[in-house]
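Open your viewer, switch to a cartoon view, and keep the selection box handy. We will go stop by stop, picking a few residues at a time.

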Amino acid sequence: MTILTPNSPTAELQAMDAAHHMHPFSTNDDLAKKGARVITRAEGCWLTDSDGNRILDGMAGLWCVNIGYGRRELADAAALQIQELPYYNTFFQTTHVPSLNLAARLAELAPGDLNHVFFACSGSEANDTNLRMVRTYWHEKGQPERQVIISRWNGYHGSSVGSGSLGGMKGIHAQGGLPIPGIHHIGQPHWWAEGGDMTPEEFGLMRARELEQAIQEIGPDKVAAFIAEPIQGAGGVIVPPDSYWPEIKRIVKEYGILLIADEVICGFGRTGQWFGSQTLDIQPDIMTVAKGLSSGYQPIGASIVSDEVAAVIDATEFNHGYTYSGHPVACAVALENLRILEEEGIVDRVREETAPYLKQKFESLTDHPMVGEAKIAGMMGSIALTPDKASRAPFKAEAGTVGYVTRERCFANNLIMRHVGDRMIISPPLVISKSEIDTLIERAWQSLDEAHAQIKAEGIS
Ligand code: PXG
């Protein structure tokens, strides 16, 4: 058979892709007609496609390439580990050096008493672990009726059966019989879209108190845990009002339910601290991590678990695990990634220098006639597109139409900036420089201008 290379003609690459490759979250027939964009190499914050275009990656891949592309040290760590011990499992009373080192390093970095690590290969798998772990925890504590997990509409926790059920994405629930029983969704703290006439602070409190209402309705002795992203990512970078998390903290404490912070996007410097939980001042019982843990160089995820939860789980046999839990190559690469993040002061530089710079520039996008609000925390931000800033009105066109047009303009201007409905989002590599931030903002502005002109010309309102 033919093996194509990054230098093969784009049309050939696209044709073979269309013939055999089924893409996630895509209408593959449509994609085949259009032809997928083929990314062939990358360096720093820049992607190169098969036509030789250089594209500024405003999304760090899928929110994960925190240290940027092309770091030789990670390739070396992988090569060394593959030669020394390419695989062994961590089941049945065995361990290996990369997994124990990474577990210890994560315990050191994670806040409070989160000192124990259960490895997975992705965020979805780690959340599946969490689902089973918190239910097993209460079972072992002699409260087997505590099984319900509360989560939020428009939260994202993965797309496996368990994690897709925990998430609140209606498109995921609509396929394959999700959600599984015992998961209850409450409203999200998304003031721009759902806050009506309330102030953001009033709305944040109201949405937090939906947790308390849900606990009372379900029965406080039946609720196992609440899971949430400190800041929703895939839902559109929804930075909650300041009133939200303090009230959630009060409620989980008062009712003694476990708090799972899904740090898959927020973790490893994205918000300007090592974890979003630190930025938002929350102390979870379990954190889900993935993505930035290896900067996406290897597939790895984990549940970082408190002393108390680990003590209960460790006292029984937890019938759970993946062939590649704690894969030695992934662990070695993650360790090297964490070393670089720390030794090069990348998280500190984000917090002290580049995130404040980005914030100022990003917020200036609200001067554009189509941009209603800009929300940003560290290196994750979103802008709301609207035809009327004062009323926060949506466009008359189907939700996402204008966002899609804007996203296409960004692509044409060699900027990866995603849309979620009619919100445009960014999450660049943490190593983005000030001059690259200038380029990102210039291209975003230009793309907004072009999209604005296009929707007027096409009569979209
Ligand atoms: N939790 C959160 C908070 C996530 O953002 C997952 C769990 C699942 O991780 P895995 O590794 O199983 O994908 C995620 C993943 C998007 C997009 O379009 C976001 C994610 C994945 C794919 C697409 O924004 N987040």
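Start by selecting residues 148–152, strand β5, together with residues 223–228, strand β7: in this predicted model the two pair in the parallel sense over three bridges. Show side chains here and you will find Ile-150 standing opposite Phe-226 of β7.

Now add helix α11, residues 244–255. This helix packs on the sheet and touches β5, β7 and β8 (258–262), and its direction makes about 165° with that of β7.

Zoom out to take in the whole sheet. It is open, has seven strands in the order β4-β10-β9-β8-β7-β5-β6, and its pairing is mixed. Color β4 (114–120) and β6 (183–186) to mark the edges, since each of these strands pairs on one side only. From one strand to the next, the twist averages 20°.

Next, select residues 97–109. This is helix α5, which lies across β4 and β10 (301–306) and runs at about 135° to β4. While you are there, pick Arg-105 and Glu-108: they form a salt bridge whose closest N and O atoms are 2.5 Å apart. The two are separated by about one helical turn because they sit three residues apart in α5. Which of the partners is buried? Arg-105 is, with a relative accessible area of 14%, whereas Glu-108 is exposed at 60%.

Return to α11 for a similar arrangement. Glu-254 and Arg-250 meet in a salt bridge of 2.8 Å, N to O, and lie four residues apart in the helix, about one turn. Glu-254 is exposed, at 52% relative accessible area, and Arg-250 is partly exposed, at 31%. Extend the selection to Arg-209, Glu-212 and Glu-247, and you have a network of salt bridges that links these three with Arg-250 and Glu-254.

For a longer reach along the sequence, select Lys-34 and Glu-408, whose side chains form a salt bridge at 3.4 Å, N to O. Lys-34 belongs to helix α2 (28–34) and Glu-408 to helix α16 (401–412), so the pair ties together parts 374 residues apart in sequence. The whole structure holds 25 salt bridges.

Now move to the other sheet on our route, an open one of four strands ordered β11-β12-β15-β14 with antiparallel pairing. Its edge strands are β11 (371–377) and β14 (418–420). Three bridges join β14 to β15 (423–426), and His-419 stands opposite Met-424.

Finish on the surface with Met-1, Ile-3 and Met-16, which make a nonpolar patch of about 390 Å². Met-16 lies in helix α1 (10–20).

Terms used:
Residues numbered from 1 in each chain as written. Predicted model: local features only at pLDDT ≥ 70, side-chain atom pairs only at ≥ 80, totals over all residues. Heavy atoms only, no water. Pairing = 2+ DSSP bridges. Axes fitted to C-alpha atoms, helices over the stretch in contact; angles between N-to-C directions. Contact = heavy atoms within 4.5 Å. Patch = residues over 30% accessible without salt bridge, like charges linked within 9 Å, V, L, I, M, F, W, Y side chains within 5 Å. Areas by Shrake-Rupley, 256 points an atom, 1.4 Å probe, with all protein chains shown as cover. Salt bridge = Lys/Arg side-chain N within 4 Å of Asp/Glu carboxyl O. Buried < 20%, exposed > 50% of the residue type's maximum accessible area, 1.4 Å probe, protein only.
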